[in-house]
Amino acid sequence: MTTIDTPSADTAPAACHGGPAATGPHGYSGEKEAHLKRLRRIEGQVRGLQRMVDEDVYCIDILTQVSASTKALQSFALSLLEEHLRHCVAAAAAAEDGGEELNAKVAEASAAIARLLRT
């Protein structure tokens with residue numbers, strides 16, 4: 001089972017409180033290089049799809065690669081969502097006056113989950 005690290009209100013980065021346009025340390029910042037590496041690998045998969053189409057590869061083989069690329073993106077999205085919950089939502093929960101902010105962060109995460117489920 002995974003534990004949730006809850007930052008204190010004093011140490012919570014301000015970016016958590018600034019909304020989607022905020023800059024600065026986000027929940028994924030600690031794993032930024034790993035995320036970029038993962039996204040580059042996904043980019044390579046998508047370029048592989050382009051190459052497969054260009055080389056007239058059998059359609060079922062292309063669809064198999066589409067499925068793999070889709071699953072890789074979904075896995076990345078879930079990882080990012082988990083980091084958002086651990087960092088931004090947890091920071092809002094720990095804030096003294098975080099009631100409204102917590103509700104907003106939970107609603108924001110719920111909407112992101114709904115978008116992921118629609119895909």
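This is a short talk on the predicted model of a single chain and its helices.

Let's start with the overall layout. The chain has three helices and zero strands. Along the sequence the pattern reads α-α-α. There are 119 residues, and 26% of them count as buried. The exposed surface is about 8200 Å². Carbon and sulfur atoms supply 58% of that surface. Now the contacts. Take those in the chain with a separation of 6 or more: 67% of them join residues 24 or more positions apart.

Next, the pairing of α2 and α3. Helix α2 covers residues 59–94. Helix α3 covers residues 99–118. Their axes come within 9 Å of each other. The crossing angle is roughly 170 degrees. How do the two helices run relative to each other, parallel or antiparallel? An angle over 145 degrees counts as roughly antiparallel, so α2 and α3 are roughly antiparallel.

Who makes that contact? From α2 we have A77, L78, L81, H84, L85, C88, V89, A92 and A93. From α3 we have E101, L102, K105, V106, E108, A109, I113 and L116. By class, the residues of this contact divide into 13 nonpolar, one polar and three charged.

Let me pick out H84. This residue sits in α2. Its relative accessibility is 18%. Buried means under 20%, so H84 counts as buried. Set aside the neighbours within four places in sequence. Which residues does H84 then touch? The answer is V89, K105, E108 and A109. Of the α3 residues in the helix contact, K105, E108 and A109 are among those listed.

Now V106, over on α3. Its relative accessibility is 39%, so V106 counts as partly exposed. V106 and V89 are 17 residues apart in sequence. In space, their C-alpha atoms are 6.7 Å apart. Both residues belong to the contact of α2 with α3.

On to the cysteines. C88 is on the α2 side of that contact. C88 is buried, with a relative accessible area of 7%. What about C59, buried or partly exposed? C59 is partly exposed, at 47% relative accessible area. How many disulfides does the model hold? The count comes to zero. As a reminder, a disulfide is a covalent bond between the sulfur atoms of two cysteines.

Let's move back along the chain, to the loop between α1 and α2. Helix α1 covers 32–54. D56 is in the loop that follows, between α1 and α2. This residue has a positive phi, about 55 degrees, and it is not a glycine. Why flag that? Because most residues other than glycine have a negative phi. Is D56 buried or exposed? D56 is exposed, with a relative accessible area of 70%.

One more residue on α2: K71. At 54% relative accessibility, K71 counts as exposed. K71 and I42 are 29 residues apart along the chain. How far apart are their C-alpha atoms? The separation is 9.8 Å.

To recap. We have a predicted model with three helices and zero strands. Helices α2 and α3 are roughly antiparallel. H84 is buried, and so is C88. D56 is exposed and lies in the loop between α1 and α2. The disulfide count is zero.

Terms used: Residues numbered from 1 in each chain as written. Predicted model: local features only at pLDDT ≥ 70, side-chain atom pairs only at ≥ 80, totals over all residues. Heavy atoms only, no water. Helix = DSSP H or I, 4+ residues; strand = E, 2+ residues; numbered from the N terminus. Buried < 20%, exposed > 50% of the residue type's maximum accessible area, 1.4 Å probe, protein only. Contact = heavy atoms within 4.5 Å. Disulfide = S-S within 2.5 Å. Areas by Shrake-Rupley, 256 points an atom, 1.4 Å probe, with all protein chains shown as cover. Axes fitted to C-alpha atoms, helices over the stretch in contact; angles between N-to-C directions. Parallel < 35°, antiparallel > 145°, perpendicular 65-115°, else oblique. Nonpolar A, V, L, I, M, F, W, Y, C, P; charged D, E, K, R; others polar.
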